[in-house]
Amino acid sequence: MIISPSLLSADFANLEAEMEWFNKSSADWLHIDVMDGVFVPNISFGFPVLKHVARICEKPLDVHLMIVQPEKFVNEVKALGTYLMNVHYEACPHLHRVIGQIHEAGMKAGVTLNPATPVSVLEDIVCDVDLVLLMSVNPGFGGQKFIPHTLEKVASLRRMLDRTGSKALIEVDGGVNIETGRQLKAAGADVLVAGNYIFSAPDPAKACEMLSGL
Ligand code: DX5
Ligand code: ZN
C-alpha cells in the first residue's frame, strides 16, 4: 500500500524533527493540505511555509488543494517540486482545462471528491487523471471519523476504472487507521492518507510501517 502521511497532523513548531523520522520511514509521499477558509471552513498553511517543508522533505509531495480556483496556483505548487497536484471536482467548473494545466506544468494530476459527490461524475474525466482522491471525511480538519459509505465508493470507482481502462490510482483521505485501512485495501484503494493515526502515535514511524504493510 502506498502511504501518504498528512502534514496537517505534524508538530508545526518542530517540522525539522518531524521530517527527520519521516524521511527515514516507510512513507511513500508527504500529503500536504492547503486550505483557504472559503472552500473549507479552516485555514492551514500557505506557500511561504511549504517552501521550507519542501526543502527538508526527501519524498514526493502529494498536494491536496482545498481552495477555490486552484488553477491560479499551478505555478506555485510546481515551484515546490510537487509530484502530484490534487484539485477538488467541486472547486473546478472547468476541470478538464485544469487537469491539462497541471500536466503541462509537468506534474501528475489528481481529482478529489467530497463525501457527498458521487463517483459517477468522474465518468468523462477518469481517463485523463493519474489519481482520484476520495474524501472519507468532510475536508477541513484532521482527526475526524471515517465515513463508512466511502468503502462502497472505492469499490464502485474501481469498477469504473476497470471498465474504462483508466490507470488512475485510488487514494483515500480522512479517518484512516489500521482497521479502516484494511477495509479500504479490500475495497480496492491504492493510496492511504493518514494524519492523526500516524502523527499522534507514540512511534509514528512504526504506525506508518503498519499501514505500509497492509
Ligand atoms: C482533511 C484533510 C486530511 C487530514 C486527514 O481535510 O484533507 O488530509 O489531514 O487527517 P486524519 O487522517 O487525521 O483524518
Ligand atoms: Zn488531504
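Q: What is the relative accessible area of glutamine 69 in this predicted model?
A: Glutamine 69 counts as partly exposed, a class that lies between the cut-offs of 20% for buried and 50% for exposed. The relative accessible area that places glutamine 69 there is 38%.

Q: What is unusual about the phi of glutamine 69, and what is its value?
A: Most residues other than glycine have a negative phi. Glutamine 69 is not a glycine, yet its phi is positive. This residue is found in the loop between E3 and H3. The phi of glutamine 69 is about 45°.

Q: Is valine 68 buried, partly exposed or exposed?
A: Valine 68 has its place in the loop between E3 and helix H3 (74–79). Its relative accessible area is 36%, and the partly exposed class lies between 20% and 50%. Valine 68 is therefore partly exposed.

Q: Which residues does valine 68 touch, not counting those up to four places away in sequence?
A: Contact here requires heavy atoms within 4.5 Å. With residues up to four places away in sequence left out, the residues touched by valine 68 are Asp36, Val38, Phe39 and Ala91.

Q: How far apart in space are valine 68 and valine 40, C-alpha to C-alpha?
A: In sequence, valine 68 and valine 40 are 28 residues apart. In space, their C-alpha to C-alpha separation is 9.1 Å.

Q: Which residues are the protein donors of the zinc ion (ligand 2)?
A: The protein donors lie 2.0 to 2.3 Å from the zinc ion (ligand 2). Along the sequence, the donor residues follow the spacing H-x1-D-x30-H-x108-D. Aspartate 33 in strand E2 (residues 30–35) and histidine 64 in strand E3 (residues 61–66) link distant parts of the chain, being 31 residues apart. The protein donors are His31 (NE2), Asp33 (OD), His64 (ND1) and Asp173 (OD).

Q: Are aspartate 33 and histidine 64 buried or exposed?
A: A residue must have under 20% relative accessible area to count as buried. Aspartate 33 and histidine 64 are both buried.

Q: What is the geometry of the site of the zinc ion (ligand 2)?
A: Ideal angles for six octahedral donors are 90 or 180 degrees. At the zinc ion (ligand 2), the angles among the 6 donor atoms run from 69 to 169°. The geometry of this site is octahedral.

Q: How is helix H5 (residues 150–164) oriented relative to helix H6 (residues 178–187)?
A: The two helices pack with their axes 8 Å apart, at an angle of about 25°. Angles under 35 degrees count as roughly parallel, so H5 and H6 are roughly parallel.

Q: Which residues of H5 and H6 make the contact between them?
A: H5 passes H6 in a right-handed crossing. From H6, the contact involves Gln183, Leu184 and Ala187, and from H5 it involves Leu151, Val154, Ala155 and Arg158.

Technical notes. Residues numbered from 1 in each chain as written. Chains lettered and ligands numbered in written order. Predicted model: local features only at pLDDT ≥ 70, side-chain atom pairs only at ≥ 80, totals over all residues. Heavy atoms only, no water. Donors = N, O, S within 2.8 Å, 3.2 Å for Na, K, Ca; no water. Tetrahedral: all angles 85-135°; square planar, octahedral: opposite > 155°, others 65-115°. Helix = DSSP H or I, 4+ residues; strand = E, 2+ residues; numbered from the N terminus. Buried < 20%, exposed > 50% of the residue type's maximum accessible area, 1.4 Å probe, protein only. Axes fitted to C-alpha atoms, helices over the stretch in contact; angles between N-to-C directions. Parallel < 35°, antiparallel > 145°, perpendicular 65-115°, else oblique. Left-handed = near helix turned anticlockwise from the far one by under 90°.
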